[in-house]
Amino acid sequence: MKKFLPFLLLAFVSLFIFSCDDNDDDVVYEDHDTYSVAYDITPTFSKVNTNLYEYNDAFNTPLVESDVVLIYLQTGVTNNNSPIWKLLPYTFYVGNANNDEVDYTFDFSKYDIGIYVNSTSTLNLDTNSTYYTNKRFRVVIVPASTGKNANVDYNDYNAVIKYYNIDESKIKTKL
C-alpha cells in the first residue's frame, strides 16, 4: 500500500496541473474561401413603367453568406481617360425646369443582383433612354468579415480597389 500511495498522489496532482493550463491555443481564423472580385456590366434594362427600368442578373455561383456587393456607375472619364465611378445609390439631377432627377439603386442576394433606374414622375424614361442605355457598371464583391473593421471609404472606388487588392487589369466585362 505504501508503494501505491505515491503513485496515486502523483496522478491526483498531475490532474490539477493540466487542468490549470491557461494556454487555450487561440487560433486566428482566416477566411480563405472569400476573396474580392470585380467585373463590369453594360446591362440592357427592362421597362417596369415609364419611370422605372430594371436589370436583374444571376451570379455564376452563389455568394458566400458573408459577401457584400458594391455597385458603381461610370459617370464620365478624367482628363487622362480614367473612368469616374459613383457608388450606388446615386442620384443624377437633370437640371431642367421640373427639377427632375434619376435615381440609380440596386439590391442583391446571394444568388443575384438587381439594378434600378427610377425617375421623378415628370420625367418619362421612355423618351429619355440616355439615362439607362449604354451605362457601364462595376460590380465589386467583397468579404463582409473585413467590412466592420475596414478603414476604407466605400464611396471612393480607388480606395476600395486598393484596400481589397483588386487588380484592375484583370477586371472583365460579363456578357
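In strand β7, D103 is the bridge partner of T91, and this pair offers a convenient place to enter what is a predicted model. The two strands concerned are β6, which covers residues 90–93, and β7, which covers residues 101–108; they pair in the antiparallel sense, and four bridges hold the pairing.

Following β7 onward, one comes to a hairpin, in which three residues join β7 to β8. Strand β8 spans residues 112–119 and pairs with β7 over seven bridges, again in the antiparallel sense. To locate this pairing in the structure, one may look for F106, whose bridge partner in β8 is I115.

A further set of strands forms an open sheet, in which five strands are arranged in the order β5-β4-β9-β1-β10 and the pairing is mixed. At the edges of this sheet lie β5 (83–87) and β10 (172–173), each of which pairs on one side only. Within the sheet, strand β1 (residues 37–41) runs antiparallel to strand β9 (residues 137–143), and five bridges join the two. One residue of this pairing to keep in mind is V37, which has I141 as its bridge partner in β9.

Both V37 and I141 return when one turns to the largest pocket, since they are listed with Y35, Y39 and T61 as the closest to its centre among the 21 residues that line it. The volume of this pocket is about 470 Å³. Strand β1 supplies three residues, the largest share of the lining. By residue class, the lining of the largest pocket consists of 11 nonpolar residues, together with five polar and five charged ones.

A last stop is K47, a residue of strand β2, which is made up of residues 46–49. Is K47 buried, exposed or partly exposed? Its relative accessibility is 48%, and because the partly exposed class runs from 20% up to 50%, K47 counts as partly exposed. Which residues does K47 touch, once its neighbours within four places in sequence are left aside? The contacts of K47 are then with L52, Y53 and D126. With D126 there is also a polar contact between the side chains, at 2.9 Å. Finally, K47 can be related to strand β8, to which V117 belongs by its number: the C-alpha atoms of K47 and V117 are separated by 9.6 Å, although the two residues are 70 residues apart along the chain.

Key
Residues are numbered from 1 along each chain as its sequence is written. This is a predicted model: local features need pLDDT of at least 70, side-chain atom pairs count only at pLDDT 80 or more; totals for chains, interfaces and linings use all residues. Side-chain values use heavy atoms; hydrogens and water are left out. Two strands pair if DSSP finds at least two bridges between them. Buried means under 20% relative accessible area, exposed over 50%, partly exposed in between (1.4 Å probe, protein chains only). Contact means heavy atoms within 4.5 Å. A polar contact is a pair of N or O atoms within 3.5 Å; within protein, one must be able to donate a hydrogen and the other to accept it, and residues adjacent in sequence count only if both atoms are side-chain atoms. On a 1 Å grid over the protein atoms alone, a cavity is a set of points where a 1.4 Å probe fits but cannot get out, and a pocket is an open set with protein on both sides within 12 Å along at least five of seven lines; lining residues have an atom within 4 Å of a point. Grid points are joined across faces, edges and corners, and a volume is the space filled by probe spheres set on the points. Ala, Val, Leu, Ile, Met, Phe, Trp, Tyr, Cys and Pro count as nonpolar, Asp, Glu, Lys and Arg as charged, and the others, Gly among them, as polar.
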